[in-house]
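Student: I would like a close look at a single part of this model. Could you take me through the sheet and then show me what lies around it?

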Amino acid sequence: MNVIKLFAIVFCIFLLFSCDDISPGVDEETIHLMPLSPYKYEFSNQYGKNRIDYFFTDNDYQDNAGFREKLYKSVKKVKNEVDFQYNLYSIYVYKKTTRLNENFLGDNNDLRGVYNNDLISYSRWNQGNIDIFYLIEDGKVVFDMIKNDQVSPSWEFD
Amino acid sequence: MTSLFLKGPILVGKAKRDPGYNFDGTPAEDMMYADRPSQSAPIRSDSMFSKSDQELNNGMIKLMKSLSIGNMETVALEMQDRFSKGTGGVYKSDLLDKEIANNSAFTAYHYAFLKELMTKFESANYDPKKIGVIPMGLLHFSSFWDKVSGLGITIHQVWSAKAEIENFRLERTDSGSGYWMFNLVYTFYDHFGLDWADVVKNGDRIFPQYHTGDYFKAWYILQHYRTAKPFITEMKRKVFLAKNIQ
């Protein structure tokens, strides 16, 4: 009987550790991106179907290679879960603030232009190929992840 | 002896967004009009909102005059007039083209693009049709001088751009030596209009005039709540390039 109890305890501990290992986006290699309202916006134009996904994160923008690499991995992970090939597929990542968080209920128009200073990154896949990955600080594009280079002089993301 | 002439234009550079559209493909808010955007609800309770069209236009004219001088004041007032009359379409001006040609921001932008272009041009064995389309950055006018002389208020940051090769000529001997020459033609596009982000950013400005922020609101109200219409500003700059091939 004790052997069975011991086995059950060991099995439960094993399950706990296993669950922790497969939790999405909490490992040290990535940054936890949480869906931000309106979560997803799809629209069509003459070139085809387009999509925008919105996220927020607890992290502030950090000007270091480690942060950039983690953010890049996290955003790519999101993209890899999208199986449809859009004409343009964009991902906006904002930093969590008192207004932009899990309680925010705005749509894409409520976000556009109003919260540019809270943007951390904007990335875009054009016909399935990544062609933009800008890191943004105080509303200005400061790093180009595609070129892996600082943007100087920085320019306003609008 | 090899001799090649291509009239063009051959597209060799393009910005990552088109005139009138955001990077993500949605229509640009600063090109919309009479649309009463939901995010601009706070302006409906602003004291500027009850002003007449004439009062708002007068405010916008004061804004243009306070942030431009000389030829650029002429351009700024022409643009304001076109905007208030609701003409729309595409605005072009030789004065504006000349102003950009002489601007140090353009010179730096040109040399950065030229460096990339020459690398690809040489790799393509001097065949402009094999260069491909190089992604272009966005030219912006943010120096103190630009802010007071007119490029800041009329353009500030171009929305889109393209670069084309015209009148290309290549002459080469069998040994490979010779020369090439062509015109590199830049076309820049901007929106003469405001989005809500512009009001968020400039609505409280008290420089260079105490009411500068109000004049930005006047511009926004005229466009999004009255009958004024934004338009595309198109600017061109042609650069002649030639080099011997050894």
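Tutor: What follows goes through the sheet of chain A strand by strand, then turns to the contact with chain B and to some helix pairs there. Keep in mind that the model is predicted.

Start with the sheet as a whole. In chain A, seven strands make an open sheet, and their order across it is β1-β2-β3-β4-β5-β6-β7. The pairing in this sheet is mixed. At the edges are β1 (34-45) and β7 (149-156) of chain A, each of which pairs on one side only. On average, and with direction ignored, neighbouring strands are turned by 20° against each other. As background, the strands of a sheet pair through backbone hydrogen bonds, and the pairing is either parallel or antiparallel.

Now follow the end of the sheet that runs from β5(A) to β7(A). Strand β5 (residues 129-137) of chain A and strand β6 (residues 140-144) of chain A run antiparallel and are joined by four bridges. Within this pair, A:Tyr134 is opposite A:Asp144 of β6(A). The two strands form a hairpin with two residues between them. In its turn, A:Asp138 has a positive phi of about 50°.

The next pair continues from there. β6(A) and β7(A) also run antiparallel, and four bridges join them. Here A:Asp144 appears again: its bridge partner in β7(A) is A:Asp149. This second hairpin has four residues between the strands, and A:Asn148 takes a positive phi near 50°.

A helix lies across part of this sheet. Helix α2 (residues 65-80) of chain A crosses over β2 (48-57), β3 (88-95), β4 (119-126), β5 and β6 of chain A. Relative to β3(A), helix α2 of chain A runs at about 135°.

Chain A also touches chain B: 19 residues of chain A are in contact with 16 residues of chain B. On the chain A side, the elements that give two or more residues are β1, β2, β3, α3 (108-111), β4, β5 and β7 of chain A. The residues on that side divide into seven nonpolar, six polar and six charged.

In chain B, consider two helix pairs. The axes of helix α1 (residues 53-66) and helix α8 (residues 212-225) of chain B are 8 Å apart, and the helices pack at an angle of about 125°. α1(B) and α8(B) are therefore oblique to each other, and their crossing is left-handed. Residues that meet here include B:Leu56, B:Met60 and B:Leu63 from α1(B), and B:Phe216, B:Trp219 and B:Leu222 from α8(B). By class, this contact has nine nonpolar, three polar and three charged residues.

The other pair is helix α2 (residues 70-85) and helix α3 (residues 94-101) of chain B, whose axes come within 9 Å and cross at roughly 135°. These two helices are therefore oblique to each other as well, and the crossing of α2(B) and α3(B) is left-handed. From α2(B), B:Asn71, B:Met72, B:Thr74 and B:Val75 meet B:Leu95, B:Leu96 and B:Glu99 of α3(B). The residues of this contact are four nonpolar, two polar and one charged.

How values were computed: Residues are numbered from 1 along each chain as its sequence is written. Chains are lettered from A and ligands numbered from 1 in the order in which they are written. This is a predicted model: local features need pLDDT of at least 70, side-chain atom pairs count only at pLDDT 80 or more; totals for chains, interfaces and linings use all residues. Axes are lines fitted to C-alpha atoms, for helices over the stretch in contact, and angles run from 0 to 180 degrees between N-to-C directions. Angles under 35 degrees count as roughly parallel, over 145 as roughly antiparallel, 65 to 115 as roughly perpendicular and the rest as oblique. A crossing is left-handed if the near helix is turned anticlockwise from the far one by less than a right angle, and right-handed if clockwise. Two residues are in contact if their C-beta atoms, placed from the backbone, lie within 7 Å. Ala, Val, Leu, Ile, Met, Phe, Trp, Tyr, Cys and Pro count as nonpolar, Asp, Glu, Lys and Arg as charged, and the others, Gly among them, as polar. Two strands pair if DSSP finds at least two bridges between them.
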